Amino acid sequence: MPSRTVTIVNDSGLHARAGRVFVKSVVDHKCAVTVRKGPQSVDARSTLAIMSMECGPNDQIEIVVDGDDAERTLADLVRLVESGLGEL
């Protein structure tokens, strides 16, 4: 399972709007995606679960992907987070 640690760069972190953008991208792919922050791990198909992680600016998260086309899915999600989730 490929994974990558990435830093949240947008000023408001993974709040409701940015969380929805992230989850929509996850749902558009066919892989299972988990997001980890410290000891907490959540299913990335749930906006509520993503928001429960309370990820703020400059926090690091690990994105873990499993399934067909996992490398491309991971690259797309990393690019999305690094671009500010549509908020920069």
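Before I start, one definition: a residue counts as buried when its relative accessible area is under 20%, and as exposed when that value is over 50%. Please also keep in mind that the structure we are looking at is a predicted model.

Let me begin with Asn 10, which sits in the loop between strand S1, residues 3-7, and helix H1, residues 16-28. Is Asn 10 buried or exposed? Its relative accessible area is 0%, and because the cut-off for buried is under 20%, Asn 10 is buried. Its side chain also has a partner, since it reaches the backbone oxygen of Gly 13 at a distance of 2.9 Å.

From that loop, let us step back to the strands. Strand S4, which covers residues 60-66, pairs with S1 in the antiparallel sense, and five bridges join them. S4 also pairs with strand S2, residues 32-37, again in the antiparallel sense and over five bridges. If you look for Ile 63 in S4, you will find that it is the bridge partner of Arg 4, and that Val 35 stands opposite it as well.

Ile 63 and Val 35 come up again when we turn to the largest nonpolar core, which has 26 residues. Which of them touch the most other members? They are Leu 14, Phe 22, Val 35, Ile 50, Ile 61 and Ile 63. The elements that give two or more residues to this core are H1, S2, helix H2 (47-52), S4 and helix H3 (70-82), and the largest share, six residues, comes from H3. To take one of these core residues as an example, Ile 50 is in contact, leaving aside its neighbours within four places in sequence, with Leu 14, Gly 19, Phe 22, Val 23, Val 35, Val 42 and Ala 44.

Next, I would like to follow helix H3 a little further, by way of Arg 79, which is found there. Along the chain, Arg 79 and Val 6 are 73 residues apart, and yet their C-alpha atoms are separated by 9.4 Å. The side chain of Arg 79 is also joined to that of Asp 76 by a polar contact of 2.6 Å.

Finally, there is Ser 25, a residue of helix H1. At 15% relative accessibility Ser 25 counts as buried, because the cut-off lies at 20%. Which residues does Ser 25 touch, not counting those up to four places away in sequence? The answer is Leu 77 and Leu 80.

Methods. Residues are numbered from 1 along each chain as its sequence is written. This is a predicted model: local features need pLDDT of at least 70, side-chain atom pairs count only at pLDDT 80 or more; totals for chains, interfaces and linings use all residues. Side-chain values use heavy atoms; hydrogens and water are left out. Helices (H or I, at least four residues) and strands (E, at least two) are DSSP runs, numbered from the N terminus. Buried means under 20% relative accessible area, exposed over 50%, partly exposed in between (1.4 Å probe, protein chains only). A polar contact is a pair of N or O atoms within 3.5 Å; within protein, one must be able to donate a hydrogen and the other to accept it, and residues adjacent in sequence count only if both atoms are side-chain atoms. Two strands pair if DSSP finds at least two bridges between them. A nonpolar core is a set of buried Ala, Val, Leu, Ile, Met, Phe, Trp, Tyr and Cys residues joined through side-chain atoms within 4.5 Å. Contact means heavy atoms within 4.5 Å.
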